[in-house]
Amino acid sequence: MTDSDILREAARRLGQHWLIFTDLDGTLLDHHSYSHAPVDKTLAELERREVPVIFNTSKTFAEVSAVREELGNRHPFIVENGSAIYIPRNYFPGTVGDATRHQNYDCCLLGQPVATIHHWLNDIRRDLKVDFASFAEMSTDEIAHATNLGAEQAARAARREFSEAIQWRGTDTQKELFRRAAEAAGFTTIQGGRFIHLLGQCDKGRATLRLASEYTAQLAQAFSVVAAGDGPNDVDMLAVANLAIVVRSPAHDFPKLPAGTKAVYTGAYGPEGWAEVVDFLLAQ
Ligand SMILES: [Mg+2]
C-alpha cells in the first residue's frame, strides 16, 4: 500500500468525531524557528469543523498558555510530558473528577510536584558525583542559549511545576547510571531533543487516554484519537492513538514505534508535514 492508501483507509476508520493530540516543538512548531505559519490554515479549518486540537507537550503551563493565546486555541491541554491536564472551566457540561482549581482551569495531576523532584536531584548529584544543570539552576540567559528561545520564552520554560529539564554535562555511562537510579526511585526519565526530562510516573500516552475518556464520558459519544509527534517522548502518545502521525524532523530520525501502531510518516518536515497529513484526512 502507498502512504495515501494507508491514509485513505485510516480516514475511513476514524469515523466522524476525532480529537487531535499534538506535540508542539518540531511538530506543530518548526524545530528551529518555532514558526506555526504552515499549520494556520489547517487549524482554522479544524476549528470550523469542531475538531479539538489538544496540545500535549513537554512545555510548562506558562509556555502553553502563550502558544494557545497566539494560536487562538481554547481546548484542554497537557503539560510537562503528561504530568497534568488543564481543562478550561465550563469546557465540559459536567464537573471533572479528581481535579483541583487552577486559575480558570480544572487541573488533573498525573505526575509529581517539582519540589519532590528537586529534593531527589540534590541527593543523586551528591551520591553519584555527576555533573548536570537543571533549569532551576540555570540563568534565563543560559536557558535561552540552550533552547534557542528568547529571554521571555526562556523564563516561561523555567517555570516548571511537575518536572525538571536537565542539561547533561557528564558522560553517557554516568547518564545511564543516573537514569537507572531515577527509575528505581519511582521517577520517569525521557530523553528529549535537547534535555533529559525527569518527572513522575506519567507519560503523554496515559494523559492522552485520560483526557480522551473524559471527552467520551462528558459528551456521551465515541472519539477517535489522532496523535502527532516527532520525537522519542511522543512514542507513548503515538502508540495509544487510532492514527499516529509521525512528523519528520530535521534534527533526528523518526522515533521507533511499537509493533502494531497505526502510523503514517510525513514527507515534509515539522509543521509542513503536520498540515500535509491533516489536510489529506480532512479532504476524505
Ligand atoms: Mg517534539
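In what sense do strand 1 and strand 2 (residues 53–56) pair, and over how many bridges? In this predicted model, the two run in the parallel sense, with three bridges between them. One spot to look at is I20, which sits opposite V53 in strand 2. The link between the two strands involves a helix: strand 1, helix 2 (residues 40–48) and strand 2 together form a right-handed β-α-β unit.

Strand 1 has another partner too. Strand 11 (residues 224–229) pairs with strand 1, again in the parallel sense, over five bridges. Here L19 has V225 of strand 11 as its bridge partner. As for surroundings, five of the five residues of strand 1 (residues 18–22) are buried, so the strand is largely enclosed by the rest of the structure. In a regular strand, side chains alternate between the two faces of the sheet. Strand 1 can be read that way: W18, I20 and T22 point one way, L19 and F21 point the other way, and all are buried.

Zooming out, these strands belong to an open sheet of nine strands, with mixed pairing and the order 5-6-4-3-2-1-11-12-13. At its edges are strand 5 (100–102) and strand 13 (263–269), each pairing on one side only. On average, neighbouring strands of this sheet are turned by 25° against each other, direction ignored. At the strand 5 end, three bridges connect strand 5 with strand 6 (residues 105–109), and the two run antiparallel. Within strand 6, D106 is the residue opposite R101.

Helices pack on this sheet as well. Helix 8 (residues 204–219) touches strand 1, strand 2, strand 3 (77–79), strand 4 (84–88), strand 6 and strand 11, and its direction makes about 150° with that of strand 2. Helix 10 (residues 270–283), for its part, lies across strand 11, strand 12 (243–248) and strand 13, and runs at about 130° to strand 13.

There is also an open sheet of four strands, ordered 7-8-10-9 and paired antiparallel. Strand 7 (132–134) and strand 9 (188–191) are at the edges with a single partner strand each, so one side of each is left without a neighbour in the sheet. Neighbouring strands here are turned by 30° against each other on average, direction ignored. Strand 9 pairs with strand 10 (residues 196–199) in the antiparallel sense over four bridges, and T188 stands opposite L199 in strand 10.

What about the loop between strand 9 and strand 10? That is where G193 is found. G193 has 16 C-beta neighbours inside 10 Å, so it counts as partly exposed. Leaving out residues up to four places away in sequence, G193 touches D25, G26, G231 and A251. Take G231: it is 38 residues from G193 in sequence, but the C-alpha to C-alpha separation is 7.1 Å.

Finally, there is a pair of helices to look at. Two packed helices are described by the angle between their axes and the distance between the axes. For helix 5 (residues 140–147) and helix 6 (residues 151–158), the axes come within 8 Å and cross at roughly 100°. That angle makes helix 5 roughly perpendicular to helix 6. Helix 5 brings T140, I143, A144 and T147 to the contact, while helix 6 brings A151, A154, A155, A157 and A158. Sorted by class, this contact has seven nonpolar residues, two polar ones and no charged ones.

Notes
Residues numbered from 1 in each chain as written. Predicted model: local features only at pLDDT ≥ 70, side-chain atom pairs only at ≥ 80, totals over all residues. Buried ≥ 20, exposed ≤ 12 C-beta atoms within 10 Å, placed from the backbone. Pairing = 2+ DSSP bridges. Right-handed = clockwise from strand over helix to strand, strands pointing away. Axes fitted to C-alpha atoms, helices over the stretch in contact; angles between N-to-C directions. Parallel < 35°, antiparallel > 145°, perpendicular 65-115°, else oblique. Contact = placed C-beta atoms within 7 Å. Nonpolar A, V, L, I, M, F, W, Y, C, P; charged D, E, K, R; others polar.
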